[in-house]
Structures are given as C-alpha cells and as structure tokens.
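Let's walk through this structure together, from the overall fold down to a few individual residues.

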Amino acid sequence: MNKETLIDILTSESDHLKELKLAKFRRKLREKIRTLIINEKFNKLENYDVSFIKDFSGLFNYSKIKSLKPLRNWNVKNGIDFRYMFCNCFNLESLEGIENW
C-alpha cells in the first residue's frame, strides 16, 4: 500500500465519520424541535439554527401552531424533504413568516 492510497483511505474514513456525526446531530436537533412543537412551545422555535436539517417532513404534523412567525428566520436551504410538514395543522391561520423560504 502506497502513501497516497493510505491518505485517501484515512481521508475518506474521516469524511465518513464526520457525516455520521452530522447525521446524528441532525436527528437530535429534529427531535428537540419536535419536542418543543409537541409541548406547544412555539415561541422557542425561533432560537434554533435548522440549517443542518435535511428532513422537515411531518415536523408540525397535528400540531396546534397558529402562526409561523417564529419560523421566519429559519434557514431551510439545505432541506430536502418538506412533505407533510404542516399536515393536519388545523389551527394554522396563515403562512406569514415563511414567505422568504
């Protein structure tokens, strides 16, 4: 095994490990946000950096959220899946707050 091959292996393993840690971080952040939603602490949502989250699907499903204004500063540019994000949000009064997404 030559030096270049070893460096390539170590680099790819390191990148893989970084991606695994980032995926774990994403899951934990999503769980924390979902807990706030379930506990109806919507005003606390504006304090979260969600730019690492890719899966927003069903995040607010069946929540009692009325206003999306706490989400106005969310950076969702890395989001991939938004399916059913606000599904069954019967108390939602408008989409004001996310018009810049």
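What follows starts with the whole chain and then turns to its cysteines and one serine.

This is a predicted model, in which local features need pLDDT of at least 70, side-chain atom pairs count only at pLDDT 80 or more, and totals for chains, interfaces and linings use all residues. Residues are numbered from 1 along each chain as its sequence is written, and side-chain values use heavy atoms, with hydrogens and water left out.

The protein has one helix and zero strands (DSSP runs, H or I of at least four residues for helices and E of at least two for strands, numbered from the N terminus). Of its 101 residues, 27% are buried, where buried means under 20% relative accessible area, exposed over 50%, and partly exposed in between (1.4 Å probe, protein chains only). About 7300 Å² of the protein is exposed, with carbon and sulfur atoms supplying 52% of that area (Shrake-Rupley method, 1.4 Å probe; for residues, only the protein chains shown count as cover). Among contacts (heavy atoms within 4.5 Å) with a separation of 6 or more, 70% join residues 24 or more positions apart.

Now for the cysteines. The structure holds zero disulfides, a disulfide being a pair of cysteine sulfur atoms within 2.5 Å. For Cys-87, the nearest cysteine sulfur belongs to Cys-89, 7.6 Å away. Cys-87 is partly exposed, at 26% relative accessible area, while Cys-89 is buried, at 9%.

Finally, look at Ser-51, in the segment after α1 (3-38). Ser-51 is buried, with a relative accessible area of 13%. Leaving aside neighbours within four places in sequence, Ser-51 is in contact with Asn-75 and Asn-78.
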